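Subject: Handover of a structure

Hello,

I am passing this structure on to you, together with notes on what was found in it. Please look at the sequence and the model before reading further.

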Amino acid sequence: MSSFPIRIISLALFSISFLPSLNNGQLARHSVLTRAKIVYHGGPILIETINVALIWYGNVSLNKKEAIASFLKSLNTDGDFNLQPQVTKWWKMVESYQAMLPGAKHDEVPKIIVNVAKQINDTSYKYGRNLTIGDFIPKIVKEHTKEAKNMLPIIITAKDVNMEGVCTKTCAYNGIVGNITLYIILGNPELECPRKCEWPFTQIDSGPKSILFLQPPNLDKAADAMVIALATTLADTVTNPLNTGFYDGPPKNSIGAGTACKAIFGSGAFPGNPGKVHIDAHTGGSFNAHGIKDQKFLLPAIWNPKTSSCWTLM
């Protein structure tokens, strides 16, 4: 069993079903309907404190490092109160899954602290630039968890690194090494797949064509797209770390709290339109969340277990 502070629950299935239509207007104005059916499977979710080790593999640019680290640090720290909505509000929706566990108290949901405990720069490309899941991940996780024990490794690859599964299937993903160590892989789409992983900042090759494109909040399409992918995958990891928590579909190809709400960023979203967002008057960047040090982010919708719909910050 993982050394992460996770609570094991082994109870009957708890269903959170998709509502096919608005129920007398009871769904919040920030809700967007989707064809998901999230079911609780009795397993653990991550709680309390999640110590994170950021492993930068290759020459990851400073823009990417700052955007990703600032997003993670903004999850539990409010910025200027006068600037709304905040990244902390988005994270509270992830935390709310604790209240959906059988026997949980609903009066006050405990905080889940994400602590960036260590950052590791691995610029030697010792494992090469074309990486496979079965070979690369066990090696790098084993190597760096020696110095980052009991931490969640988030491995971020540089733009000149091709990671198996990234771009061809998804923009980021999570997994388990040896049934005990969780990890997240986050690829850089800048060279390999901007037309797959940089929407809504770039037109995509397949699916509905966009009627508009947004300017990235940090003026770096790849960096802001990576934040979106990380937010989605982190939500899935916390609520379904061992493929026995909250998800829809088969365990090996599950749809989680983040992936259930793909391509939705604000109310009024529909295929090809990301929905309502703020526009920075100075830069033209689009965002829906304020973070620490006046940072701005565009964060994806997340599955709301109480309303059984995709919830957005705006």
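The notes below go from the whole protein to single residues and end with a cavity.

This is a predicted model, in which local features need pLDDT of at least 70 and side-chain atom pairs count only at pLDDT 80 or more, while totals for chains, interfaces and linings use all residues. Residues are numbered from 1 along each chain as its sequence is written, and side-chain values use heavy atoms, with hydrogens and water left out.

Overall picture

The average pLDDT (the predictor's confidence in each residue, from 0 to 100) is 85 for the protein, and 86% of the residues score at least 70. Residues 1–29 stay under 50; the model gives this stretch 71 contacts beyond four places in sequence. A contact here means heavy atoms within 4.5 Å.

There are six helices and 19 strands. Both are DSSP runs numbered from the N terminus: helices are H or I with at least four residues, strands are E with at least two. Of the 314 residues, 55% count as buried. Buried means under 20% relative accessible area, exposed means over 50%, and partly exposed is in between, using a 1.4 Å probe and protein chains only. Among contacts with a separation of 6 or more, 72% join residues 24 or more positions apart.

Helices α1 and α2

Helix α1 covers residues 62–74, and its end C-alpha atoms are 18 Å apart. That agrees with the expected span, because 13 residues at 1.5 Å a residue should span 18 Å; the expected span is 1.5 Å times one less than the number of residues. The buried residues of α1 include Ala67, Ser70, Phe71 and Ser74. These four come up again below as contacts of Phe297.

Helix α2 (residues 87–95) is mostly covered, with seven of its nine residues buried. Val87, Trp90, Trp91 and Val94 are among them. In the loop between α1 and α2 sits Pro85, and the peptide bond leading to Pro85 from Gln84 is cis, with omega near -5 degrees. A second cis peptide bond runs from Trp199 to Pro200, with omega near 15 degrees; Pro200 is in the loop between α5 (194–197) and α6.

Strands β16 and β17

His290 belongs to strand β16 (residues 289–290) and is buried, with a relative accessible area of 7%. Beyond four places in sequence, its contacts are Leu83, Gln84, Pro85, Gln86, Val87, Gln295 and Lys296. Gln84 and Pro85 in that list are the two residues of the cis bond with omega near -5 degrees.

Asp294 lies in the loop between β16 and β17. Its phi is near 65 degrees, a positive value in a residue other than glycine.

Is Phe297, in strand β17 (residues 296–297), buried or exposed? Phe297 is buried, with a relative accessible area of 0%. Its contacts beyond four places in sequence include Ala67, Ser70, Phe71, Ser74, Val87, Pro217, Val227 and Phe287. Phe297 and Val87 are 210 residues apart along the chain, yet their C-alpha atoms are separated by 7.9 Å.

Two further residues

Ala263 also has a phi near 65 degrees, again positive in a residue other than glycine. Ala263 is in the loop between β13 (246–247) and β14 (278–279) and is partly exposed, with a relative accessible area of 38%.

Thr232 is part of helix α6. Its relative accessible area is 15%, so Thr232 counts as buried. Outside its neighbours within four places in sequence, Thr232 touches Gly258, Thr259 and Pro300.

The cavity

How many cavities of 30 Å³ or more does a search of the whole structure find? The search finds one. A cavity is a set of points, on a 1 Å grid over the protein atoms alone, where a 1.4 Å probe fits but cannot get out, and lining residues have an atom within 4 Å of a point. Grid points are joined across faces, edges and corners, and the volume is the space filled by probe spheres set on the points.

The largest cavity holds about 40 Å³ of space. Its lining consists of Val166, Cys171, Gly187, Pro189, Cys197, Ala225, Met226 and Ala229. Helix α6 (residues 221–239) gives the most to this lining, with three residues. By class, the lining has seven nonpolar, one polar and no charged residues. Here Ala, Val, Leu, Ile, Met, Phe, Trp, Tyr, Cys and Pro count as nonpolar, Asp, Glu, Lys and Arg as charged, and the others, Gly among them, as polar.

Regards

Terms used:
1 Å grid on protein atoms, 1.4 Å probe; cavity = no way out; pocket = protein on both sides within 12 Å on 5 of 7 lines; lining within 4 Å.
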